[in-house]
Amino acid sequence: MRTVLSNKETQQLQHIAIIMDGNGRWAAKRGMPRSFGHKKGAERVKEVVQAAGELGVKYLTLYAFSTENWQRSPDEVNDLMDLLRQYLKSELSELQKNGVRIVFIGEREMLPADIRSSMRRLEDDTKNNAKMTVCIALSYGSRQEILQAVRKIATLAKRGDIKPEEIDDKMFSDMLYTQEIPDPDLVIRTSGEQRLSNYLLWQVAYAEFYFSEVLWPDFDRAELEKIIENFNKRERRYGKA
Ligand code: IPE
Ligand code: IPE
Ligand code: MG
């Protein structure tokens, strides 16, 4: 099997975060409803998870549904929730076979109860898988994530459990949904849009960015390999000369 990561680079590229965008436009180009694009987009997830795992990526975070996406039409939201239901039911055996641990980040309270319990079950059933962690951002918004962390910290300070001067990077990171996941090294957004759309604002402080023109339903292993090769040529400086 071909791998594009050398040992040195494997250490460096531990975590890829993807904004899976362009399903609607992909469908519109074919004269099809947006739901068709979402269905094709969901089908790409499996291939990309597998490819990333084979390429040595340890953490893959996928933006599946933002807090702002709740504002879409009820029909579209329902279609997306139905797809999610199917995905949560059908993927377990594949994930187990490939040693993938699943975790979810986002505002779970907003999701339907049956989906929440399927999420809990999938997290529980895969929690001992060690090859790779796939983190799915669902009903996720980074500002909301940061605000709930601020509220927790303010409560602790008000109770006298912590002192304001004790609040540091580490404490703050530990209050985020992503607490046990290292920061992304590389953020990929598909469909040519160049914005973050409320994704991992704190966590991407030193991430590299790659904006791919490919619409998500066309994204594949070859495109991922091309992006990783591009990442490997970059020099990350972290402010040093
Ligand atoms: C990404 O595709 C999927 C979600 C945001 C849920 P879009 O639905 O945003 O597709 P475009 O951007 O309209 O093409
Ligand atoms: C971001 O895509 C969210 C996901 C891919 C799940 P959007 O399509 O919702 O973002 P905007 O509206 O173009 O910024
Ligand atoms: Mg979009």
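Q: Two strands pair if DSSP finds at least two bridges between them. How many bridges join strand β1 to strand β2?
A: This is a predicted model, in which local features need pLDDT of at least 70 and side-chain atom pairs count only at pLDDT 80 or more, while totals for chains, interfaces and linings use all residues. Residues are numbered from 1 along each chain as its sequence is written, chains are lettered from A and ligands numbered from 1 in the order in which they are written, and side-chain values use heavy atoms, without hydrogens or water. Strands (E, at least two residues) and helices (H or I, at least four) are DSSP runs, numbered from the N terminus. Strand β1 covers residues 15-19 and strand β2 covers residues 59-66; the two run parallel, and the number of bridges joining them is five.

Q: Which residue of β2 stands opposite Ile-19?
A: Ile-19 belongs to β1, which spans residues 15-19 and is joined to β2. Opposite Ile-19, in β2, stands Tyr-63.

Q: In what order do the six strands of the open sheet lie?
A: Strands of a sheet pair through backbone hydrogen bonds, either parallel or antiparallel. In this sheet the pairing is parallel. The six strands lie in the order β3-β4-β2-β1-β5-β6.

Q: Which are the edge strands?
A: An edge strand of this sheet pairs on one side only. This description applies to two strands, namely β3 (100-105) and β6 (208-211).

Q: By what average angle are neighbouring strands of this sheet turned against each other?
A: Axes are lines fitted to C-alpha atoms (for helices over the stretch in contact), and angles run from 0 to 180 degrees between N-to-C directions. For the turn between neighbouring strands of this sheet, however, direction is ignored. The average is 20°.

Q: What angle does the direction of helix α6 make with that of β3?
A: Helix α6, residues 113-125, packs on the sheet. There α6 touches (contact being heavy atoms within 4.5 Å) both β3 and β4, the latter spanning 132-140. With the direction of β3, that of α6 makes an angle of about 145°.

Q: Which residue of β4 is the bridge partner of Ser-66?
A: Strands β2 and β4 pair in the parallel sense over seven bridges. The partner of Ser-66 in β4 is Tyr-140.

Q: How many of the eight residues of β2 are buried?
A: A residue is buried at under 20% relative accessible area, exposed at over 50%, and partly exposed in between, with a 1.4 Å probe and protein chains only. Strand β2 is largely enclosed by the rest of the structure, because the count of its buried residues, out of eight, is seven.

Q: Is Thr-190 buried or exposed?
A: Thr-190 is found in the loop between β5 (186-189) and β6. Leaving aside neighbours within four places in sequence, its contacts are Ile-19, Met-20, Asp-21, Ser-212, Val-214, Trp-216 and Phe-219. Because the relative accessibility of Thr-190 is 0%, this residue counts as buried.

Q: What is the value of phi at Ser-197?
A: Most residues other than glycine have a negative phi, and most peptide bonds are trans. Ser-197, in the loop between β5 and β6, counts as partly exposed because its relative accessibility is 31%. Ser-197 is a residue other than glycine with a positive phi, near 45°.

Q: What is the relative accessible area of Leu-200?
A: Leu-200 has its place in the loop between β5 and β6. Its phi is also a positive value in a residue other than glycine, near 50°. Leu-200 is buried because its relative accessible area is 1%.
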